[in-house]
Amino acid sequence: MKVRLLIFTILIPGFVTGYIPYILSGGTQYIDLGYLKYAGLLSVFTGILFYLRSAKSFLLNGKGTPAIWFTKKLKFLIGEEPFEMVSTGLYKYSRNPMYLGIILIIIGEAVYFESENILIYSILLAVFFHLGVVFLEEPHLQRKFGAEYNEYLGKTPRWFGIPKN
């Protein structure tokens with residue numbers, strides 16, 4: 001399972017946070033931020049921590065990988081979505097800390113590389129993630145985990161915040 005998580009991380013988040021921003025950084029409009037660009041590294045580091053903590057929760061608590069439910073045909077390579085609901089750790093404060101981590105990484109890259117193209121990409125990706133969560137992922141998880149997930153929806157913010165008791 002750990003190997004599949006590593007393969008997933010390299011293939012999916014690695015592509016989204018590494019390869020695409022690298023391509024977008026060529027021939028880009030630059031925003032001169034001076035020394036403020038180094039604040040982007042803090043965002044990248046925070047995003048990596050969010051991703052790693054979330055992936056660890058999926059692996060240890062959910063008994064799966066971050067693979068999305070419709071990738072079942074690739075389970076031999078990237079594993080399967082968690083079999084158990086994960087609502088501890090960062091998932092206590094956000095229903096989507098992994099997506100949040102990815103966005104933080106890309107925003108940090110946009111700031112550090114002073115790239116308008118990467119910033120636009122981060123905004124478009126955030127909209128894509130939001131729509132995917134609302135229209136695909138949440139309905140799927142409601143069907144899969146039922147009342148337990150509905151209770152979780154009622155107390156945990158979609159993106160980030162203080163959980164309701």
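By class, the residues that line the largest pocket divide into 29 nonpolar, 5 polar and 5 charged ones, where Ala, Val, Leu, Ile, Met, Phe, Trp, Tyr, Cys and Pro count as nonpolar, Asp, Glu, Lys and Arg as charged, and the others, Gly among them, as polar. The model is a predicted one, in which local features need pLDDT of at least 70 and side-chain atom pairs count only at pLDDT 80 or more, whereas totals for chains, interfaces and linings use all residues. Residues are numbered from 1 along each chain as its sequence is written, and side-chain values use heavy atoms, with hydrogens and water left out.

The largest pocket holds about 890 Å³ of space. Of its 39 lining residues, Pro-66, Ala-67, Ile-68, Tyr-99 and Glu-137 are the closest to its centre. A pocket is found on a 1 Å grid over the protein atoms alone, as an open set of points where a 1.4 Å probe fits, with protein on both sides within 12 Å along at least five of seven lines, and a lining residue has an atom within 4 Å of a point. For the volume, grid points are joined across faces, edges and corners, and the space filled by probe spheres set on the points is taken. Two or more lining residues come from each of the elements α2 (13–25), α3 (39–60), α5 (97–112), α6 and α7 (147–155), and α6 gives the largest share, with 11 residues. These element names refer to DSSP runs numbered from the N terminus, helices being H or I runs of at least four residues and strands E runs of at least two.

Helix α6, which spans residues 116–145, also gives the most to a nonpolar patch, with 6 residues. The patch lies on the surface and is formed by Ile-31, Ile-107, Leu-119, Ile-123, Val-127, Leu-131, Phe-135 and Leu-136, which together have about 680 Å² of accessible area. Such areas come from the Shrake-Rupley method with a 1.4 Å probe, and for residues only the protein chains shown count as cover. Patches are made of residues with over 30% relative accessible area and no salt bridge, with like charges joined within 9 Å and nonpolar side chains (Val, Leu, Ile, Met, Phe, Trp, Tyr) within 5 Å. One of the patch residues, Leu-131, lies in helix α6 and counts as partly exposed because its relative accessibility is 42%; buried means under 20% relative accessible area, exposed over 50%, and partly exposed in between (1.4 Å probe, protein chains only).

Charged side chains add another kind of contact to the picture. Side chains of opposite charge can pair when their charged atoms come close. The whole structure has 4 salt bridges, each defined as a side-chain nitrogen of Lys or Arg within 4 Å of a carboxyl oxygen of Asp or Glu. In one of them, Glu-138 meets Arg-95 at 2.8 Å, N to O, and this pair links distant parts of the chain, since Glu-138 is in helix α6 and Arg-95 is in the loop between α4 and α5, 43 residues apart. Both partners are buried, Glu-138 with a relative accessible area of 8% and Arg-95 at 11%. Glu-138 also forms a salt bridge with Arg-158, at 2.9 Å, N to O. Arg-158 lies in the segment after α7 and Glu-138 in helix α6, so this pair ties together parts that are 20 residues apart in sequence. Arg-158 is partly exposed at 26% relative accessibility.

Within helix α7, Glu-151 forms a salt bridge with Lys-155, with the closest N and O atoms 3.9 Å apart. Because they are 4 residues apart in that helix, Glu-151 and Lys-155 are separated by about one helical turn. Glu-151 is exposed, with a relative accessible area of 52%, while Lys-155 is partly exposed at 35%. Elsewhere, Arg-95, Glu-138 and Arg-158 are joined into one network by salt bridges that share partners.

The loops between helices hold some further details. Lys-63, which is not a glycine, has a positive phi of about 60°; Lys-63 is placed in the loop between α3 and α4 (75–78) and is partly exposed, with a relative accessible area of 42%. Glu-114, in the loop between α5 and α6, likewise has a positive phi, near 55°, but counts as buried at 14% relative accessibility. Leu-36 lies in the loop between α2 and α3 and is exposed at 61% relative accessibility. The C-alpha atoms of Leu-36 and Val-111 are separated by 8.1 Å, although these residues are 75 residues apart along the chain.
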